[in-house]
Amino acid sequence: MQAGIGGEDFKNGWLECKGGDKDVVIIMGKKQTHHEEFKAASLQGKAVPGFEGIELPADFKREDTKRLLICFWDINQRSSRHSFGQLAQMRETLVQKDIQILTVQMAENETDGVKEWAEKQVSLLMTGKLTGNVEEVKRLWGITALPWLILVDSKGIVQKEGLS
């Protein structure tokens with residue numbers, strides 16, 4: 001496992017752990033992980049915020065009679081790509097349960113290594129993209145990690161939020 005912190009005072013480190021190790025704690029950059037300014041409030045039980053800073057797909061139309069599952073993800077993160085793939089596999093099951101799916105690609109840029117994957121996968125689900133400031137969108141939507149799922153009822157109230 002390797003960890004590093006960027007900036008003027010760039011420091012990197014090395015941590016070796018073996019299966020079964022206990023009480024291993026890694027704390028990186030307090031500015032973006034622990035600082036009050038970056039804490040996002042929960043949306044559970046609240047109305048869905050607006051889509052400022054997010055460009056929705058041209059053919060996306062919110063169906064008022066269905067629940068909406070929104071997946072915020074980052075194509076540059078393996079865990080996000082994995083979750084996106086799982087969601088794509090569950091698409092038919094969710095549609096049968098009257099759940100509309102919208103994904104929002106949160107990466108500010110794509111690395112060359114994932115472009116081919118994206119061309120094959122992204123068309124499977126309706127995908128919007130980030131156009132605004134990533135930190136503002138995360139704060140607005142209560143996102144604390146990616147991928148981040150939000151389930152909205154037919155009235156536009158957030159029922160569940162979080163990972164997986």
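Is glutamate 136 buried, partly exposed or exposed? This predicted model gives glutamate 136 a relative accessible area of 47%, so the residue is partly exposed. The views below start with the sheet and come back to glutamate 136 along the way.

**View 1. Six strands line up in an open sheet.** Reading across the sheet, the strand order is 3-6-5-4-7-8, and the pairing is mixed. Strands 3 and 8 sit at the edges with a single partner strand each, so each has one side without a neighbour in the sheet. If you're new to sheets, remember that strands pair through backbone hydrogen bonds, either parallel or antiparallel. Both kinds turn up in the next two views.

**View 2. Strands 4 and 5 run as a parallel pair.** Seven bridges link strand 4 with strand 5. To find one of them, look for tryptophan 73, whose bridge partner in strand 5 is glutamine 105.

**View 3. Strands 7 and 8 make a hairpin.** Here the pairing is antiparallel, with four bridges between strand 7 (residues 148-152) and strand 8 (residues 158-162). Isoleucine 150 has glutamate 161 in strand 8 as its bridge partner. Five residues lie between the two strands, and in that turn you can spot glycine 156, with a positive phi of about 85°.

**View 4. A strand 3 residue at the edge of the sheet: glutamate 55.** Glutamate 55 has a relative accessible area of 41%, so it counts as partly exposed. Skipping its neighbours within four places in sequence, glutamate 55 is in contact with Gly128, Lys129 and Thr131. Glutamate 55 and threonine 131 are 76 residues apart in sequence, yet their C-alpha atoms are 6.2 Å apart in space.

**View 5. Threonine 103 is tucked into strand 5 as a buried residue.** Its relative accessibility is 0%. The side chain of threonine 103 makes a polar contact with the side chain of threonine 127, at 2.7 Å. Leaving out neighbours within four places in sequence, threonine 103 also has contacts that include Cys71, Trp73, Phe84 and Leu87. Leu125, Met126 and Gly128 are among its contacts too.

**View 6. The largest nonpolar core brings 19 residues together.** The residues with the most contacts inside this core are Ile70, Phe72, Val104, Met106, Trp141, Ile143 and Ile150. Strand 4 (67-73), strand 5 (99-105), helix 5 (134-141) and strand 7 each supply at least two residues of the core. There's also a second, separate core of 14 residues, and Leu69, Phe84, Leu87 and Ala107 are among them. Zoom in on isoleucine 143 and, leaving aside residues up to four places away in sequence, you'll find it touching Ala40, Phe72, Met106, Val137, Lys138 and Trp148.

**View 7. Helix 5 keeps its buried residues on the same side.** Those buried residues are Val134, Val137 and Trp141. They cover an arc of only 65° around the axis, which is why they end up on the same side of helix 5. What covers them includes strand 3 (54-55), strand 4, strand 6 (127-130), strand 7 and strand 8. At the N-terminal end, asparagine 133 caps the helix, with a side-chain oxygen 2.8 Å from the backbone nitrogen of glutamate 135. Just after helix 5 comes glycine 142, with a positive phi of about 70°.

**View 8. Two salt bridges turn up in the whole structure.** One joins glutamate 136 to arginine 139, with the closest N and O atoms 2.9 Å apart. Both residues lie in helix 5, three residues apart, which is about one turn of the helix. Like glutamate 136 at 47%, arginine 139 is partly exposed, with a relative accessibility of 29%. The side chains of glutamate 63 and lysine 66 also meet in a salt bridge, at 3.3 Å from N to O. Glutamate 63 is partly exposed, at 36% relative accessibility.

**View 9. Alanine 40 sits in the loop between helix 1 (30-33) and strand 3.** Its relative accessibility of 22% makes alanine 40 partly exposed. Apart from neighbours within four places in sequence, alanine 40 is in contact with Lys138, Arg139, Gly142, Ile143 and Thr144. Glutamate 136 is 96 residues away from alanine 40 along the chain, while their C-alpha atoms are separated by 9.7 Å.

Terms used: Residues are numbered from 1 along each chain as its sequence is written. This is a predicted model: local features need pLDDT of at least 70, side-chain atom pairs count only at pLDDT 80 or more; totals for chains, interfaces and linings use all residues. Side-chain values use heavy atoms; hydrogens and water are left out. Two strands pair if DSSP finds at least two bridges between them. A nonpolar core is a set of buried Ala, Val, Leu, Ile, Met, Phe, Trp, Tyr and Cys residues joined through side-chain atoms within 4.5 Å. Buried means under 20% relative accessible area, exposed over 50%, partly exposed in between (1.4 Å probe, protein chains only). Contact means heavy atoms within 4.5 Å. A salt bridge is a side-chain nitrogen of Lys or Arg within 4 Å of a carboxyl oxygen of Asp or Glu. The arc is that of the directions from the helix axis to the C-beta atoms. A polar contact is a pair of N or O atoms within 3.5 Å; within protein, one must be able to donate a hydrogen and the other to accept it, and residues adjacent in sequence count only if both atoms are side-chain atoms.
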